[in-house]
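I am opening my notebook on a model I have not looked at before, and I will write down what I look up in the order in which I look it up.

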There are 2 protein chains.
Amino acid sequence: MKRNPFFLQLSPNYLFRELKNRVDNFALLNPERSLISLGVGDTTEPLGTTIAESLSQAACDMRDQELYMGYGPDQGLLPLREKIASVLYQDIISPDEVFVSDGAKCDIARLQVLFGQDAVVYIQDPSYPAYADSSRLARSIVGKEGHRLSYLSTLPEKDTLPHLEAAPEDAIIFLCSPNNPTGVAFQRSELSSLVDIAQRKNQLIVYDVAYRAFIQGDLPRSIYEIEGAKKCAIEIGSFSKMAGFSGIRLGWTVVPKDLTYSNGITIHSDFLRLVTTTFNGASILSQRGGIQALSPEGLEEIERQILLYLENAGSLKEALLKKNFIVSGGEHSPYVWIKTEHTSSWDAFDYFLQETGIIVTPGIGFGPSGEGHVRISGFGRPYLIESAIRRIESL
Amino acid sequence: MKRNPFFLQLSPNYLFRELKNRVDNFALLNPERSLISLGVGDTTEPLGTTIAESLSQAACDMRDQELYMGYGPDQGLLPLREKIASVLYQDIISPDEVFVSDGAKCDIARLQVLFGQDAVVYIQDPSYPAYADSSRLARSIVGKEGHRLSYLSTLPEKDTLPHLEAAPEDAIIFLCSPNNPTGVAFQRSELSSLVDIAQRKNQLIVYDVAYRAFIQGDLPRSIYEIEGAKKCAIEIGSFSKMAGFSGIRLGWTVVPKDLTYSNGITIHSDFLRLVTTTFNGASILSQRGGIQALSPEGLEEIERQILLYLENAGSLKEALLKKNFIVSGGEHSPYVWIKTEHTSSWDAFDYFLQETGIIVTPGIGFGPSGEGHVRISGFGRPYLIESAIRRIESL
């Protein structure tokens, strides 16, 4: 068997693996140092009580002959899709347009199959590395017609929007709001102008709202709050950060029925075909847990966790501001994005590790514009966050 | 956005969707008829008690601060990989070579990314449609060098092996044993000869053992029981049919460390990179359930279910033999494969529906050699299987 040459298009190390290697090495050389991991963005608060109980009940039901269930429905349990449509989208989308997934990363990869080998992809930069990595595995990034993978630099300190005008007709545009890693969420007017351009240029926006639960106030939580978005956008959501489901695995993708290819064929039926061919649904247990997470009690449990993470992030931001770092995020987002004096973000990573024992994430892992930045995460037990803050204060 | 032309390479309807449409139509026109669904191969027995309890306990643990877990390890929980290696493989493979997945279908699709756009794929025919469908979505099936998707006809009534000599050097070969749909499992000597050819021709065998738990006696349950297979085979397994996990979602893929591309680079590291880029692991709950399923109590619970399904399939086979059908399977497999007098397998499907109200699966859905056959499934409640047998007897 021959090697798929697209593997050569990936950087040799996946960000979080390289990070783990550096930390392991540091720990080995400095066994006396206590480290605080605010690198990988992973939830730390236990599941809400009623949500955990619903998961447990779903498992118990499976030993009952009448309640046992094999393969779930193609697009996911209807009550879950109804809850997603009504609770998260106020019915501006329909349950038929929701595809339940086992998480955002998985559906990002599945979407690459939908887009095909000739797709021209533009990625908000910096952003979640899975957009670029899955694009690099899906196609040759240099085609006859030019580059098929480009970045749209969007740094908070420059206060610019992704320049969609620079992307050609029919391009695929990956956007993430609230952005991972910068923590910045689009304003309504900003998102509106992006949708306008995409519609005019027949571009398809893949809009990642994995962090939507962190938005406070009136900022848009979904691209479909913008007129016209149903004709130019697919939206990807996740229960991972919203409900602490990173290990439980549950997400969703919205493919509006109005969304068509340039030739007028609807995308919805192809996506249905794609998921039935390459996926067998999220665990029924996770789906049952998701239904409870979107009930009134579940939403209260979720909200408590979100506020705790936001408080963590806000406190970190405050401590960094006092030390004159240039930062963004820390509101509407669990992340704080730090502009550092170091030109290499791996140097900045090493600086934080050496000086504070805090593990952050080097910005370069999120795209070329991430150079000279690091991300620090508000996901952590409050006592650890407090300890991290003391260490930052003594820098 | 432009449509990925590979969607045109798929038949317009996914088998099980077309089947559902025909059944719905029949039920509408014949509301008085009671139907018995032995079409889709889906488990019907409730989960074993200790397995369900372990799933439930895993959910309860997630509300405990000390026991809560976010993202699981890249390749899956170590205790699960250890159990798979020791219990299912008697340690002929190591836990490091096991990648826990959310099911066989999902990993079949992920493997297509590993193989890339120029891969030449040969598929045992008939077999599980996901091999062909995911291949058709992954690449142009006609390349400059010729066809990239071919079938290896392997009908029980002809008693032939997949003719690997017909496949070129470096080809990918999909094999399934015990075969879905024919129910036939490879003999040790047969599998040995297939491994020999694959090794000599640098072919890679993808060996699907989703139905391995149904094998009785000394037939090989894994391709790694054959000398040399670690140098030419990836194996895909699943808890779906083994433990009733079709809705729980859990499987595994074995990528031996000895396995290399033709250029000598190991495949294992690419597959690790692929799964960390496009997947975030099976649900922690499902993984905990899998650990219990492979404990002594869990294995007893599983065995009882397997024997029940085998008894169902055996009884169906007996009834069909009495009616002079030419059949295979029904031992080492939950399926019975029927050669029919109808040239079109959809006609045979309609025949069974009209005459008996039994829903079977048309053979054409499993590949071109499936024409003139149907598959009947032993997955069903015993009282329904008995009722189906009476209907067959009165044909």
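Entry one, the two chains. I began with the place where the chains meet, keeping in mind that this is a predicted model, and I found 67 residues of chain B in contact with 67 residues of chain A. On the chain B side I noted that α2, α4 (104-115), α5 (130-138), α8 (267-278) and α9 (284-293) each supply at least two residues. Sorting the side of chain B that touches chain A by class, I recorded 32 nonpolar, 23 polar and twelve charged residues.

Entry two, a helix pair in chain B. Since α2(B) had come up at the chain contact, I followed this helix, residues 49-61, to α10(B), and noted that the two axes come within 8 Å and cross at roughly 125°. Are the two helices parallel or oblique to each other? An angle between 115 and 145 degrees falls in the oblique class, and α2(B) and α10(B) are therefore oblique to each other. I then looked up who makes the contact, and wrote down Thr49(B), Thr50(B) and Ile51(B) from α2(B), with Glu297(B), Gly298(B) and Glu301(B) from α10(B). By class, these residues divide into one nonpolar, three polar and two charged.

Entry three, the sheet beside α10(B). Staying with α10(B), residues 296-322, I saw that this helix lies across β11, β12 and β15 (373-377) of chain B, and that it runs at about 20° to β12(B). The open sheet in chain B has four strands in the order β11-β12-β15-β14, with antiparallel pairing. I marked β11 (326-329) and β14 (361-362) of chain B as the edges, where each has a single partner strand, so one side of each is left without a neighbour in the sheet. The partner of β11(B) is β12(B), residues 335-339, and the two pair in the antiparallel sense over four bridges; among the residues involved, Gly329(B) has Val336(B) in β12(B) as its bridge partner.

Entry four, the domains of chain A. Turning to the other chain, I noted that chain A is divided into domain 1 (5-47 + 300-393) and domain 2 (50-296), with C-alpha centres that lie 25 Å apart. Their contact takes 36 residues from domain 1 of chain A and 38 residues from domain 2 of chain A. Which element gives the most to the side of domain 1 of chain A that touches domain 2 of chain A? I found that α10(A) does, with six residues. The residues on this side of domain 1 of chain A divide into 14 nonpolar, 15 polar and seven charged.

Terms used
Residues are numbered from 1 along each chain as its sequence is written. Chains are lettered from A and ligands numbered from 1 in the order in which they are written. This is a predicted model: local features need pLDDT of at least 70, side-chain atom pairs count only at pLDDT 80 or more; totals for chains, interfaces and linings use all residues. Domain bounds come from an automatic or database domain assignment. Two residues are in contact if their C-beta atoms, placed from the backbone, lie within 7 Å. Ala, Val, Leu, Ile, Met, Phe, Trp, Tyr, Cys and Pro count as nonpolar, Asp, Glu, Lys and Arg as charged, and the others, Gly among them, as polar. Two strands pair if DSSP finds at least two bridges between them. Axes are lines fitted to C-alpha atoms, for helices over the stretch in contact, and angles run from 0 to 180 degrees between N-to-C directions. Angles under 35 degrees count as roughly parallel, over 145 as roughly antiparallel, 65 to 115 as roughly perpendicular and the rest as oblique.
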